[in-house]
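User: I've got a chain loaded in the viewer and would like to go through it with you. Can we take it one question at a time?

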Amino acid sequence: MQIARYAFRQEFIQNNLRKQATRIVRLSGSELFSEALIEANKYLQFLEAEYSYTCRAVQIVEKILTKVVVHTETYTHREVANNLQLTEETLRNWERNGLFTVKRNSQNRRQYSERDIQKLLIIRTLRTAHFSIAAIHHLIEGIEEVQTARDIQSLLNSPKFADEFLHVTDELEINLKNAMKDVKSIIALLEDL
């Protein structure tokens, strides 16, 4: 029961996290403690990766909003998909839905800049938190329209963005931290068994 309590304490649902937690609980309930421990360690690694993406997205938003100059290197469609752990089709879908546009070379192949990757990381994080494509589109449009710190502050303090984006994104980071702590407690319990 302690394992189940730790596994289901957090209330976020992105990337099938609930299914992973359920698998750990079922295995431990069946007294397959070694298998449950393996799954718990996989789950912890996954949560740590998601937390890393979330932290990177926050840093990128700050850089974009302060207009920090970034590298001029370009990347291929496949390189970007692999780097962000997304499918190439997901990137095409986001582009078709207007979340971003990417320059193309003379052979009509996509060429991603560092800024494109930054924007995609923000989109990935928000999609992971189950924001709709339309909501993400509105946020990106709002960020790109602001010109001064006062405009940015107004945008972020508007009910639309303060309620829809900042609150949930902040909770995502907190929930991931708490979930990692809970999984570490599960691992400790399983190691004792």
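User: Where does Thr72 lie?

Analyst: Keep in mind that this is a predicted model. Thr72 isn't part of a helix or strand run here; the stretch holding it connects α3 (33-66) with α4, so the place to look is the loop between α3 and α4.

User: Is Thr72 buried or exposed?

Analyst: The cut-off for exposed is over 50% relative accessible area. Thr72 has 76%, so Thr72 is exposed.

User: How far apart in space are Thr72 and Tyr112?

Analyst: Along the sequence, 40 residues separate Thr72 and Tyr112. Going C-alpha to C-alpha, the distance between them in space is 9.7 Å.

User: Zooming out, in what order do the elements of the protein chain run?

Analyst: The tally is 9 helices and 2 strands. Reading from the N terminus, the two strands sit between a run of helices on either side, giving α-α-α-α-α-β-β-α-α-α-α.

User: How much of the protein chain's contacts with a separation of 6 or more comes from residues 24 or more positions apart?

Analyst: For context, the chain has 193 residues, with 38% of them buried. Among contacts with a separation of 6 or more, the share from residues 24 or more positions apart is 67%.

User: Let's look at helix α6. What should its 15 residues span, and how far apart are its end C-alpha atoms?

Analyst: α6 covers residues 114-128, and at 1.5 Å a residue it should span 21 Å. The model agrees with that, because the end C-alpha atoms are also separated by 21 Å.

User: How many residues of α6 are buried?

Analyst: The buried ones include Leu120, Ile123 and Arg124, along with polar residues such as Gln118 and Thr125. The helix is largely enclosed by the rest of the structure, because the buried count out of 15 residues is 12.

User: Arg124 in that list caught my eye. Which side chain does Arg124 join through a polar contact of 3.2 Å?

Analyst: Arg124 is found in α6, and its 6% relative accessibility is why it counts as buried. Leaving aside neighbours within four places in sequence, its contacts are Glu50, Tyr53, Leu84, Gln85, Leu86 and Trp94. The side chain on the other end of the 3.2 Å polar contact is that of Glu50.

User: Which element gives the largest share of the largest nonpolar core?

Analyst: That core has 22 residues, and the members touching the most others are Leu91, Trp94, Phe100, Leu120 and Ile123. Two or more residues each come from α4 (77-83), α5 (88-96), α6 and α7 (133-145). The largest share is 6 residues, and the element giving it is α6.

User: Which residues does Leu120 touch, not counting those up to four places away in sequence?

Analyst: Leu120 is in α6, where it is buried, and it is one of the core members that touch the most others. With residues up to four places away set aside, the list is Val80, Leu84, Leu91, Trp94, Phe100 and Tyr112.

User: How many residues are in the other core, apart from that one?

Analyst: Its members include Ala21, Tyr43, Leu176 and Leu190. This separate core has a residue count of 19.

User: Last one: are the rings of Phe100 and Tyr112 stacked, edge-to-face or tilted?

Analyst: The aromatic pair count comes to 1. Phe100 and Tyr112 are both buried, with Phe100 in the loop between α5 and β1 (103-104) and Tyr112 in the loop between β2 (110-111) and α6. Their ring centres are 6.2 Å apart and the planes are at 45°, so the pair is tilted.

Key
Residues numbered from 1 in each chain as written. Predicted model: local features only at pLDDT ≥ 70, side-chain atom pairs only at ≥ 80, totals over all residues. Heavy atoms only, no water. Helix = DSSP H or I, 4+ residues; strand = E, 2+ residues; numbered from the N terminus. Expected span 1.5 Å × (residues − 1). Buried < 20%, exposed > 50% of the residue type's maximum accessible area, 1.4 Å probe, protein only. Polar contact = N/O pair within 3.5 Å; in protein donor to acceptor, adjacent residues only side chain to side chain. Contact = heavy atoms within 4.5 Å. Core = buried A, V, L, I, M, F, W, Y, C linked by side-chain atoms within 4.5 Å. Phe/Tyr/Trp six-rings, centres within 6.5 Å; stacked < 30°, edge-to-face > 60°.
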